[in-house]
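Got the viewer open? Let's walk through one enclosed space and then a few sulfur atoms, one selection at a time.

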Amino acid sequence: MRYITGDDRYQITAEFCCLDDLIESDNMVRIIDLFVDELDLERHGFTNTKPKDKGRKPYNPGDLLKLYIYGYLNRINSSRKLERECKRNIEVRWLLGNLSPDFKTIADFRKDNRDNLKNVFREFTYICRRADLIDFKLAAIDGSFFSAVNHNSKNYSRNKLRKLMVKLDRKIDEYLDEISRLDKQELSKISDLQQAIADLRSKQREYREMQEVLEATGETQVSLTDPDSKMMTKPQSKIDMSYNVQLVVDSKNSLIAECDVTNDGNDRKQLSRMVEKVLETHAPSELSVVADEGYSSGEEIDKCHEKNVDTYVPVPGKKPPREDDPFCPANFTYIPEEDCYLCPAGKKLPKSSFKKDGRQITYCSRNICKDCPCFTQCVPPGSKYKIIHRNTFEKAIQRQRTVNQENKEKLKLRQMIVEHPFGTIKRHMRLGDFLTRGLRSVNGEFSLIALAYNMMRAFNVLGFDRLKAAIRDHFKHVRTICAFICLFLVNFCWKATLYAKSEAFSR
């Protein structure tokens, strides 16, 4: 049987070609090249944008940024792997002009510019919004846990440290008892046991220092490899060292409008914070957000309402009245005009005091309850009066329940919108684990991940030509605005100078 054969690798040919001939005209690397070349890296705060005249020449930060964007688009986020791609990947060689930076230079670029990568991500979201890929008519907010560079064994909680200290004390006592039983002839074994005890006491000192750190900082756990990472419970009850990645995803094309990384183990305090980031970055004329029940905090919903943002968040339903207990809290009626509760016996319980850090209001009255004929049926045994608790933001929760009843279809859209980016990033792009350490570095790394996702998504939606035109149109618009501002400042300074001279002449 005959096979298709290639050229002889030792055959000298007379073909002449350049690197550009080897790259397709609609290849994604051309979009990366155009986007980074148009960026004002100095304005975004990147290092080495103005190299010094003396000393060793640095690499252009634009070239290293191109390399990272290409890497995250193609599931290559390790600096050592990127170093290898510079020598064997024809697309990377075209993108960098045959440059081959070492892995330390590549890694240092990401570390030194971790805060600036967020600006690059936002610059591309501006392009997407200008190209009408993002409209903020409905945005979904959700969080997901991404694994941190910290093994579970390198994390210590208060309870874990307490158990380890007890275990070490028990072990030391066992060694001391064994030493007391040994004969003086067995000096070598006694010496080994004494060394083991010294090692255990050294470990005790380390654990004691960790306990002191937890007491001083008020934290619940301490991690050794990555101090900012926390132990979090993932789906299927898997416990792992992770970060909580928050996304705001626009419903029109499932593009990421805003992202952030936190080490909070739940989403209870993230709703208003993510909404505020969107308002600061994009300032949309209208904004509606949908989130799951993990964001159902009355305080957070009320903050969004104050910012004129429509929210669609499932909140826990009210407990129904119980037929077997006519004096259960659900049978007490709240009177908003008088800010009190009407009990089933027809008596009013006034507001008493705040409890639980101002999250709940207590309604009770000892004088009213002690003379009530239903006292034994209503008041629990051992208590002197009936207590009713009301959430401080119950009004916002009630309003949210009403909105949810009228917009059930929008609550169903949440999963369709926000799970697309998380699924693509974790499964298709295989970027569910962080390589960097520390909250700032992890935020910078995820900005690269989100940028790569948005770029790939925009390329699939618009195609090569339209995305290329959108990038050029955006930066042309930016340059026009900058020129107008410069002209305004020059004109203002000129008029200020003339005014100062005229005032000096009149004096």
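Start inside the fold: the largest cavity holds about 100 Å³ of space. Keep in mind that this is a predicted model. Counting cavities of 30 Å³ or more gives 1.

Now select Cys343, Cys369, Cys372, Cys378 and Lys386, which lie nearest the centre of the largest cavity. They are among the 14 residues that line it.

Next, switch to cartoon and colour helix H11 (366-370) and helix H12 (375-378); each supplies at least two residues of that lining. Then colour the lining of the largest cavity by class: 12 residues are nonpolar, 2 are charged and no polar ones turn up.

With that many cysteines on screen, how many disulfides does a search of the whole structure find? It finds 0. As a reminder, a disulfide is a covalent bond between the sulfur atoms of two cysteines.

Try a distance check. Select cysteine 259 and look for the closest cysteine sulfur: it belongs to cysteine 128 and sits 13 Å away, too far for a bond. The cut-off for a disulfide is 2.5 Å between the sulfurs. Move on to cysteine 304, which is in no disulfide either; the nearest cysteine sulfur, that of cysteine 259, is 18 Å away.

Last stop, turn on the surface. Is cysteine 259 buried or exposed? At 1% relative accessibility, cysteine 259 counts as buried, because the limit for buried is under 20%. Cysteine 304 is buried as well, with a relative accessible area of 0%.

Methods
Residues are numbered from 1 along each chain as its sequence is written. This is a predicted model: local features need pLDDT of at least 70, side-chain atom pairs count only at pLDDT 80 or more; totals for chains, interfaces and linings use all residues. Side-chain values use heavy atoms; hydrogens and water are left out. Buried means under 20% relative accessible area, exposed over 50%, partly exposed in between (1.4 Å probe, protein chains only). On a 1 Å grid over the protein atoms alone, a cavity is a set of points where a 1.4 Å probe fits but cannot get out, and a pocket is an open set with protein on both sides within 12 Å along at least five of seven lines; lining residues have an atom within 4 Å of a point. Grid points are joined across faces, edges and corners, and a volume is the space filled by probe spheres set on the points. Helices (H or I, at least four residues) and strands (E, at least two) are DSSP runs, numbered from the N terminus. Ala, Val, Leu, Ile, Met, Phe, Trp, Tyr, Cys and Pro count as nonpolar, Asp, Glu, Lys and Arg as charged, and the others, Gly among them, as polar.
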